[in-house]
Amino acid sequence: MSGHVPVGGGVGARPDIFTPQRFLAKRVVVTGAAQGIGYAVAQRLAFEDASLLLVDRSELVHEVAAELASVGQGSVFSVTADLEQFSGAEIVADAALDKLGGADTLINNVGGTIWAKPFEHYSPDEIAKEVQRSLFPTLWVTRAVLPLLIANGSGTIVNVSSCATRGVNRVPYAAAKGGVNGIVSALAKEAAPHNIRVVATAPGGTLAPERKIQRGPAPADEQQKEWYQQIVDQTIDSTEMGRYGTLAEQAAPICFLASDEASYITGSVLPVAGGDQG
């Protein structure tokens, strides 16, 4: 989950820490790149000289791509797609082939809690929508892009999971992210003969600017506000560091796992939550 607080920096702003040329000549697809963690990852990768295909369902992704196009040595392209449908994932794979000539790395970042409440208060429709939002984009895009990596004879898939697999008031979201973790462990074994690594990070609570495109409705009454506050309190209480992380603190391990520096890491989910193991 993400907390909504003002933070410094904007699109195209230079990260405080980055490694120039770490992704030089690497073709990287980043989903959910218009905002939040996905944006922070895209920003860092651009400064590390990756050639990027930025993907989001929001037209904002084109603004991000335009701003990042001039900061590194790689090319930056963007495409909009509904990744809750396999047809949207196919658009991504086609764009990667057309714009980048293929892909070396896929970073799956789409997902996020829509509602926050005890499980018995979720309707069947809400449960289905949570799973559709936070599991299927990773499943579909991985399926669509994997053949491009196999064709290379190498590649890396980094999924963004969540420490909310052990959290309150988010059971459907936790189930979806547990599925993301399952993709990592199962696909890592299948993909290893193709020299493809499959890994994930599991972010905890993360400070981020107010979202321009909201994931779901704001709490409508005092009870819903209380349920959301329980998530915040539990998130902080579960960390050894007693605070939320920053976007930069989430982007750094994602980019590390995507890089050749992590060449002997596969099948792992790395908690990035101030000590909360999820």
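# Exercises on a predicted model

Gln-250 is found in helix α8. The model is predicted, so to speak of local features requires pLDDT of at least 70, and side-chain atom pairs count only at pLDDT 80 or more, while totals for chains, interfaces and linings use all residues. Residues are numbered from 1 along each chain as its sequence is written, and side-chain values use heavy atoms, with hydrogens and water left out.**Exercise 1. Which residues does Gln-250 contact, and is Gln-250 buried or exposed?**

Step 1. Take the accessibility. Gln-250 has 2% relative accessibility, so it counts as buried (buried is under 20% relative accessible area, exposed over 50%, partly exposed in between; 1.4 Å probe, protein chains only).
Step 2. List the contacts, meaning heavy atoms within 4.5 Å. Leaving aside neighbours within four places in sequence, Gln-250 touches Ile-37, Pro-203, Gly-204, Thr-206 and Val-272.

**Exercise 2. What span should helix α8 have?**

Step 1. Fix the element. Helices (H or I, at least four residues) and strands (E, at least two) are DSSP runs, numbered from the N terminus. Helix α8 covers residues 247-258, twelve residues.
Step 2. Apply the rule: 1.5 Å times one less than the number of residues. The expected span is 16 Å.
Step 3. Check it. The end C-alpha atoms are 17 Å apart, which agrees.
Step 4. Look at the buried side. Among the buried residues of α8 are Leu-247, Gln-250, Ile-254 and Leu-257. The buried residues of α8 pack against α1, β5, β6 (155-160), β7, β8 (206-208) and β9.

**Exercise 3. In what order do the seven strands of the open sheet run, and which stand at the edges?**

Step 1. Use the pairing rule: two strands pair if DSSP finds at least two bridges between them. The order is β4-β3-β2-β5-β6-β7-β9, with parallel pairing.
Step 2. Find the edges. β4 (76-80) and β9 (269-272) each have a single partner strand, so one side of each is left without a neighbour in the sheet.
Step 3. Add the twist. It averages 15° from one strand to the next (axes are lines fitted to C-alpha atoms, for helices over the stretch in contact; angles run from 0 to 180 degrees between N-to-C directions).
Step 4. Inspect one pair. β7 (residues 196-203) and β9 share four bridges in the parallel sense. Pro-271 in β9 is the bridge partner of Ala-202.

**Exercise 4. How do α3 and α5 cross, and how do α1 and α8?**

Step 1. Take α3 and helix α5 (residues 136-152). Their axes come within 8 Å and cross at roughly 30°.
Step 2. Classify. Under 35 degrees counts as roughly parallel, over 145 as roughly antiparallel, 65 to 115 as roughly perpendicular and the rest as oblique. α3 and α5 are therefore roughly parallel.
Step 3. Take α1 and α8. Their axes come within 9 Å and cross at roughly 60°. That makes α1 oblique to α8.
Step 4. Name the α1 and α8 contacts. Ile-37 and Ala-40 are among the α1 residues that meet α8, whose residues there include Gln-250 and Ile-254.

**Exercise 5. What is the phi of Gln-21 and of Ala-25?**

Step 1. Recall the background. Most residues other than glycine have a negative phi.
Step 2. Read the values. Phi of Gln-21 is near 70°, and Ala-25 has a positive phi of about 70°.
Step 3. Place them. Gln-21 is in the loop between β1 (2-4) and β2. Ala-25 lies in the loop between β1 and β2.
Step 4. Add exposure. Gln-21 is partly exposed at 45% relative accessible area, and Ala-25 is exposed at 68%.
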